[in-house]
Amino acid sequence: MKKIKKTNAARILDDLKIQYELKTYPVDEEHLDAVHVAKEVGMPPEQVFKTLCVRGDKTGVLFAVIPGNGELDLKALARASGNKSCEMVHLKEVLPLTGYIRGGCSPLGAKKEYPVFMDETCRLFDRIAISAGMRGMQILAGPEDLVRATRATVVLLTM
């Protein structure tokens, strides 16, 4: 059996002694969305959380972690993060800001530690999936453990 190479996100969870599972899946460059990833890892889309890179007008860059089938409510994120407005970071900026590419952005282990805001629906599940920091790999862990690891603020972020 081939050993899975750990990502920075996984090493952070190791350092915090948080239990998790790494789940790999085949990458389809045409379908990098979280709903497709959910099918690949055998979980419902509302349990596979995507990490969005967002910029607040006052606080700068932050991460919004929402269910794979959800749509980010930018106004709710702005209120929760102390901004007047928030907007998605342009795709070409994501790699230089975070060190991650589209389809592999994780709230753990980015180039810089940005504030994380996680949708409160994470608490509906025993385990959720987030990106492990690369395409083709997800971290499955308890939501409270991931909230602690990312120092996330938990709030309703989806419409």
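Why does the sulfur of Cys 86 form no bond with the closest cysteine sulfur, in Cys 53? The sulfur of Cys 86 lies 11 Å from that of Cys 53, which is too far for a bond, and a search of the whole structure finds 0 disulfides, a disulfide being a pair of cysteine sulfur atoms within 2.5 Å. The structure is a predicted model, in which local features need pLDDT of at least 70 and side-chain atom pairs count only at pLDDT 80 or more, whereas totals for chains, interfaces and linings use all residues. Residues are numbered from 1 along each chain as its sequence is written, and side-chain values use heavy atoms, with hydrogens and water left out.

The chain contains 5 helices and 8 strands, taken as DSSP runs numbered from the N terminus (helices, H or I, at least four residues; strands, E, at least two), and along the sequence these follow the pattern α-β-α-β-β-α-β-α-β-β-β-α-β. The radius of gyration, taken over C-alpha atoms, is 14 Å, close to the 15 Å that the globule rule gives for 159 residues, so the chain is as compact as a globular protein of that length; the rule is 2.2 Å times the number of residues to the power 0.38. Of the 159 residues, 48% count as buried, that is, under 20% relative accessible area with a 1.4 Å probe and protein chains only.

In helix α5 (residues 143–150), the buried residues are Pro 143, Leu 146, Val 147, Ala 149 and Thr 150. Seen down the axis of α5, these residues fall within an arc of 165°, so they line one face of the helix; the arc is that of the directions from the helix axis to the C-beta atoms. Their cover includes α1 (8–15), β5 (116–119), β6 (128–131), β7 (137–141) and β8 (153–155). Just after α5, Arg 151 takes a positive phi of about 55°.

The largest nonpolar core, a set of buried Ala, Val, Leu, Ile, Met, Phe, Trp, Tyr and Cys residues joined through side-chain atoms within 4.5 Å, has 31 residues, of which Met 118, Ile 128, Ile 130, Ile 139 and Leu 146 touch the most other members. Two or more residues are given to this core by each of α1, β2 (49–56), β3 (60–67), β5, β6, β7 and α5. Apart from it lies another core, of 11 residues, among them Leu 62, Ile 66, Phe 117 and Leu 157.

Cys 122 is buried, with a relative accessible area of 0%, and its sulfur is 17 Å from the closest cysteine sulfur, in Cys 105, too far for a bond.

Terms used: Buried means under 20% relative accessible area, exposed over 50%, partly exposed in between (1.4 Å probe, protein chains only). Contact means heavy atoms within 4.5 Å.
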